[in-house]
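Biologist: I'm new to this structure and would like a close look at one part of it. Could you take me through the bigger sheet and whatever packs around it?

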Amino acid sequence: LITPGGKFAVFAAIFSKISLGDRAVIPEPFWPIYDNCTRLAGGRVDFIHTRLEDNWRINMDKLEETLELSPKLLILCSPGNPTGKIIPEAEYREIARLAQKKGTYVLSDEVYAAYAWKTSTSILEITDTNYIYVNSFSKKFGMTGWRIGYAVSDVETISRMQKLVQISVTCVPAFIQRAALQALTMNQDVFDFFAQEMKERISLTSKELDKYPLSYTRPEGGMYLFPKGDQETFDSNRFVKHLLLKKNVSIAPGEAFGNYPQHFRISLGTNISELLEGIKRIGELMLQWQER
Ligand SMILES: Cc1ncc(COP(=O)(O)O)c(C=O)c1O
């Protein structure tokens with residue numbers, strides 16, 4: 001199913017499975033849209049908290065326990081936004097197996113698959129699972145403003161999702177579909193350039209971040225950094241506001257992605273010189289913050 005952006009594919013996937021009182025399981029930290037959509041559909045969310053200190057690993061006992069509540073959906077995002085974590089293959093397969101055992105669909109958001117610096121398992125490789133796969137032209141092809149994405153699932157699920165597209169936006173405009181087709185038939189080396197560029201941004205910005213009192217895991221993919229202020233009293237909500245007002249730099253507070261009051265997310269969606277300047281300003285404010 002072709003949708004106006006990957007976001008609409010996620011929206012349609014969630015609305016095709018979640019009705020009043022239905023449950024969805026979402027590992028934390030998460031892209032906020034999963035939680036927003038589930039609640040809008042009248043559903044309930046059970047979060048599985050993961051920690052930087054555990055390298056963002058999903059606790060399988062906790063997952064099994066949560067799956068006992070018979071959720072309709074388990075929502076995965078690998079490579080992840082905001083952590084850049086890639087779920088290792090064995091773990092991914094085990095998660096899919098546990099979900100299948102309980103009759104839970106896996107919604108696998110793989111929009112960052114083209115920005116992966118190690119092997120990233122796709123739900124499409126796991127045949128014995130009920131899944132909805134989501135991808136987008138926004139990241140790999142740099143076509144964010146064109147608004148085109150897609151989903152793959154079984155016929156019944158796709159026909160429910162298709163109804164949602166049909167009664168809301170009708171379809172993705174034909175000229176945008178043609179542009180996406182053109183992107184698919186172009187020499188793919190062009191797009192490897194974007195992935196290489198993102199890898200370079202991660203490497204250079206990480207080196208700059210290492211100078212300051214914060215901890216983070218080096219992203220394995222995606223386009224974000226999700227550091228944690230080392231001071232226990234570090235309040236990222238206040239920090240983010242101050243940073244914008246005093247240093248003209250915009251980052252997202254950790255609490256947008258779950259229970260992460262000490263974290264913040266840096267997007268690497270701009271050029272390297274601006275990113276390095278931005279991180280320098282983040283670091284300066286962190287050092288001043290510590291002295292308070
Ligand atoms: C995790 C994740 N999924 C899906 C999307 C949707 O992207 P788009 O709607 O531009 O295809 C985004 C965009 O930032 C994202 O971060």
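Modeller: Here is a walk through the seven-stranded sheet, with a short look at the rest of the chain along the way. Keep in mind that this is a predicted model, where local features need pLDDT of at least 70, side-chain atom pairs count only at pLDDT 80 or more, and totals for chains, interfaces and linings use all residues. Residues are numbered from 1 along each chain as its sequence is written, and side-chain values use heavy atoms, with hydrogens and water left out.

First, the setting. The chain has 9 helices and 12 strands; both are DSSP runs numbered from the N terminus, helices being H or I with at least four residues and strands E with at least two. Its C-alpha atoms fill a box of roughly 60 × 45 × 35 Å along the principal axes. Of the 292 residues, 53% count as buried, meaning under 20% relative accessible area with a 1.4 Å probe and protein chains only (over 50% is exposed, in between is partly exposed).

Now the sheet itself. Its 7 strands run in the order β1-β7-β6-β5-β4-β2-β3, the sheet is open, and the pairing is mixed. Two strands count as paired if DSSP finds at least two bridges between them. At the edges you'll find β1 (2–3) and β3 (44–49), each pairing on one side only. Further in, β4 (residues 73–77) and β5 (residues 105–109) pair in the parallel sense over 5 bridges. If you want a spot to zoom in on, try Leu74, whose bridge partner in β5 is Val106.

Thr3 is a good way into the β1 edge, as it lies in that strand. Thr3 is buried, with a relative accessible area of 0%. Looking past residues up to four places away in sequence, Thr3 touches Phe8, Ala9, Arg147, Ile148, Gly149, Tyr150, Val165 and Val172; a contact means heavy atoms within 4.5 Å.

Next, the helices. Helix α3 (residues 60–67) lies across β2 (23–28), β3 and β4, at about 165° to β3. Helix α4 (residues 89–101) lies across β4 and β5, at about 165° to β4. Those angles run from 0 to 180 degrees between N-to-C directions, using axes fitted to C-alpha atoms, for helices over the stretch in contact. Then there's α2 (residues 32–40), in which Ile33, Tyr34, Asp35, Cys37 and Thr38 are buried. The buried residues of α2 pack against α1 (5–17), β2, β3, β4 and β5. Just after α2, Gly42 takes a positive phi of about 90°.

Finally, the packing. A nonpolar core here is a set of buried Ala, Val, Leu, Ile, Met, Phe, Trp, Tyr and Cys residues joined through side-chain atoms within 4.5 Å. The largest has 55 residues, and Leu107 is among those touching the most other members, along with Phe239, Ile251, Phe264, Ile266 and Ile282. A second, separate core of 18 residues includes Ile48, Val106, Ile126 and Tyr133. Back at Leu107, and again skipping residues up to four places away in sequence, its contacts are Val10, Ala13, Ile14, Leu73, Leu74, Ile75, Leu76, Ile132 and Val134.

Elsewhere in the chain, 3 strands make an open antiparallel sheet in the order β9-β12-β11. There, β9 pairs with β12 (residues 264–267) in the antiparallel sense over 2 bridges, and the bridge partner of Tyr224 in β12 is Ser267.
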